[in-house]
Amino acid sequence: AEESGKPQITLSEYLIHLELQQAFDPKDYLEQVNVDQMTYEKGEDDELHAVSAEDKILGEEKLSIENPVDTGKEGVYEVTYTVTSSIRLIVWVNE
């Protein structure tokens, strides 16, 4: 549940290692979001569905993902998930 009304984002991992050219989708690591007194969890369709009303999906107007990861270049990247507040996933790409 939300603490003091603050949005919360839960990832399945907070640091991952990828090899060069390995496929990467930041939505794969998004597990749960608590925002506007509602809890959303990842469904079988990879969308975030409200726990109390499965037909309600958390849309891009409430959640944004900034993904600078280039799996063709070695480096350390930060993916930023934003729902009023932010959380980061660190991605390390190398051979």
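How far apart are the mean positions of the positive and negative charges of the protein chain? In this predicted model, the 7 positive and 22 negative charges of the protein chain have mean positions 7 Å apart. With that separation in mind, the reader may turn to the overall dimensions of the chain. Taken along the principal axes, the box filled by the C-alpha atoms is roughly 45 × 30 × 20 Å. The accessible surface of the protein chain amounts to about 6100 Å², and carbon and sulfur atoms contribute 43% of that surface. Of the 95 residues in the chain, 35% are buried.

The secondary structure comprises zero helices and eight strands. Read from the N terminus, the succession of elements is accordingly β-β-β-β-β-β-β-β. Contacts across the sequence can be described in a similar summary form: among contacts in the protein chain with a separation of 6 or more, 41% involve residues 24 or more positions apart.

Four of the strands form an open sheet, arranged in the order β1-β3-β4-β5 with antiparallel pairing. At its edges stand β1, which covers residues 8-11, and β5, which covers residues 48-50; each of these edge strands pairs on one side only. On average, and with direction ignored, neighbouring strands of this sheet are turned by 20 degrees against each other.

Within the sheet, the pairing of β3 with β4 can be followed in greater detail. Strand β3 consists of residues 30-35 and strand β4 of residues 38-42; the two run antiparallel and are joined by four bridges. Gln32 stands opposite Glu41, a residue of β4.

The description now passes to a loop and to a single residue within it. Lys73 is located in the loop between β6 (64-66) and β7 (75-83). Is Lys73 buried or exposed? Its relative accessibility is 52%, and because exposure is assigned over 50%, Lys73 counts as exposed.

Which residues does Lys73 contact, once its neighbours within four places in sequence are left aside? The contacts of Lys73 are then with Leu20 and Val93. For Val93, a distance can be added: the C-alpha atoms of Lys73 and Val93 are separated by 7.1 Å, with the two residues lying 20 residues apart along the chain. Lys73 is thus described both by its exposure, at 52% relative accessibility, and by its contacts with Leu20 and Val93.

Note on methods. Residues numbered from 1 in each chain as written. Predicted model: local features only at pLDDT ≥ 70, side-chain atom pairs only at ≥ 80, totals over all residues. Heavy atoms only, no water. Pairing = 2+ DSSP bridges. Axes fitted to C-alpha atoms, helices over the stretch in contact; angles between N-to-C directions. Buried < 20%, exposed > 50% of the residue type's maximum accessible area, 1.4 Å probe, protein only. Contact = heavy atoms within 4.5 Å. Areas by Shrake-Rupley, 256 points an atom, 1.4 Å probe, with all protein chains shown as cover. Lys, Arg positive; Asp, Glu negative; His and termini not counted. Charge placed at Lys NZ, Arg CZ, Asp CG, Glu CD.
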